[in-house]
Amino acid sequence: MTDVPSLRAALLDWYDAHARSLPWRASPGSEAKTDPYRVWLSEVMLQQTTVPHAAPYFERFTTRWPTVGDLAAVEDAELMAAWAGLGYYARARNLLACARAVAADHSGAFPQTEAELLALPGVGAYTAAAVAAIAFDRPANVVDGNVERVMSRLFAVETPLPAARPELRRLAALFVDDHRPGDWAQALMDLGSGVCRPRSPLCDQCPLAFGCEALKTGAPERYPLKTKKAERPHRRGHAYVLTDATGRVALVRRPDKGLLGGMAGLPTSDWGAAPDFAPPMEGDWRAAGSVEHVFTHFSLTLEVHVAEGQGDFLWTTAAEAAKALPTVFRKALERGLGAA
DNA sequence: GACACGTGGCT
DNA sequence: TAGCCAAGTGT
């Protein structure tokens with residue numbers, strides 16, 4: 001009933017005419033093979049992250065570290081600072097671990113099979129399949145949020161996410177083929193991102209409209225169905241902006257595990273319902289107002305306090321601190337210094 | 001399977 | 001505007 005060859009041909013034709021030009025894609029017409037390092041780096045940066053947000057980071061990383069060997073040699077703190085602002089910081093820790101594993105265990109060359117890629121830190125089912133397909137042109141079932149949405153509409157899947165995931169994966173697998181596997185994966189994702197969008201899909205521009213069950217229902221945007229998410233709790237905390245006589249700021253390095261793990265941060269209280277005000281130094285602490293921040297699974301109000309002092313911290317200029325800090329602390333620092 | 005894990009843009 | 005959403009992975 002579903003004409004897989006016709007759908008495949010239609011989407012690949014569409015991709016030949018409409019493929020986006022992206023920094024990590026080989027330029028059209030170029031015979032150069034796509035560099036697996038750049039494919040891997042882009043895929044990790046794009047996990048749960050938009051193209052406009054990731055693109056400048058990709059440019060900076062590939063300029064500073066043109067090969068996986070260069071990346072493997074970077075100090076942890078330098079890498080974490082370069083990732084600051086991109087979010088999901090476990091990705092940065094795993095990125096470094098992966099680069100070092102490729103350098104140490106694979107002679108500096110990315111392995112080409114899905115199974116070997118999957119064994120690398122921070123490389124899951126999606127990224128392993130994407131690198132195998134895009135960098136090495138191997139047939140692989142590349143399933144991300146875009147592909148799930150396209151499949152859920154093409155087949156009008158009534159099961160809500162995340163329960164529908166195995167079924168959507170089986171449907172996507174129907175299209176995996178050794179003809180242009182890398183282009184197929186990217187075509188599906190370009191379609192999902194630009195045409196088969198979550199809201200207001202552009203079905204009149206869709207090369208797969210002729211075979212789309214959701215379009216026949218008259219409400220394609222209803223797919224994929226989703227189960228309602230739990231409500232996001234709210235937490236409070238105190239953040240301490242301690243400066244020395246020269247204006248440098250006291251930072252700490254956060255533990256490797258957990259929220260903002262491995263990142264530089266401001267000293268803070270615990271975060272909870274009514275955290276104690278317990279600054280890291282005695283001193284003349286002044287309230288500097290508060291900042292709001294929203295994480296994936298809770299929102300946060302951070303009361304900012306400022307004082308001058310000394311002590312055993314990572315003392316950093318305000319400009320360097322702003323660059324190395326995750327966004328929540330960058331906001332708190334700006335609030336603290338602005339009020340100082 | 002459920003949950004932890006960031007951020008910024010869009011509606 | 002408050003929520004939804006983006007090329008997921010690890011535990």
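Biologist: How many nonpolar, polar and charged residues are in the lining of the largest cavity?

Modeller: The lining of the largest cavity has 14 nonpolar, no polar and one charged residues. The model is predicted: local features need pLDDT of at least 70, side-chain atom pairs count only at pLDDT 80 or more, and totals for chains, interfaces and linings use all residues. Residues are numbered from 1 along each chain as its sequence is written, chains are lettered from A and ligands numbered from 1 in the order written, and side-chain values use heavy atoms, without hydrogens and water.

Biologist: What makes Arg153 the charged one?

Modeller: Asp, Glu, Lys and Arg count as charged, Ala, Val, Leu, Ile, Met, Phe, Trp, Tyr, Cys and Pro as nonpolar, and the others as polar. Arg153 is among the 15 lining residues, so the one charged residue of that lining is Arg153. Cys196, Cys203, Cys206 and Cys212, also among the closest to the centre, fall in the nonpolar class.

Biologist: Why is this space called a cavity?

Modeller: The term means a set of points, on a 1 Å grid over the protein atoms alone, where a 1.4 Å probe fits but cannot get out; lining residues have an atom within 4 Å of a point. The search finds two cavities of 30 Å³ or more. The largest holds about 130 Å³, and the second largest about 60 Å³.

Biologist: Which helix gives the largest share of the lining of the second largest cavity?

Modeller: Helix α11 (residues 181–194) does, with three residues; in the largest cavity, α9 (residues 145–154) gives three. The second lining includes Val147, Trp184 and Asn141. By class it has eight nonpolar, one polar and no charged residues, and Asn141 is the polar one because Asn is in neither of the other classes.

Biologist: How do you know that Tyr89 makes a polar contact with DNA strand B?

Modeller: A polar contact needs a pair of N or O atoms within 3.5 Å. A side-chain N or O atom of Tyr89 is 2.7 Å from a phosphate oxygen of the strand, so the pair qualifies. His297 also has a polar side-chain atom at 2.7 Å from a phosphate oxygen, while Leu260 uses a backbone N or O atom, at 2.5 Å.

Biologist: What makes up the surface near DNA strand B?

Modeller: Nine nonpolar, ten polar and one charged residues, where near means a heavy atom within 4 Å. Sugar and phosphate account for 61% of the strand atoms that come within 4 Å of the protein. β4 (286–294) and α14 (327–339) each supply at least two residues, and α14 gives the most, three.

Definitions and conventions
A polar contact is a pair of N or O atoms within 3.5 Å; within protein, one must be able to donate a hydrogen and the other to accept it, and residues adjacent in sequence count only if both atoms are side-chain atoms. Helices (H or I, at least four residues) and strands (E, at least two) are DSSP runs, numbered from the N terminus. On a 1 Å grid over the protein atoms alone, a cavity is a set of points where a 1.4 Å probe fits but cannot get out, and a pocket is an open set with protein on both sides within 12 Å along at least five of seven lines; lining residues have an atom within 4 Å of a point. Grid points are joined across faces, edges and corners, and a volume is the space filled by probe spheres set on the points.
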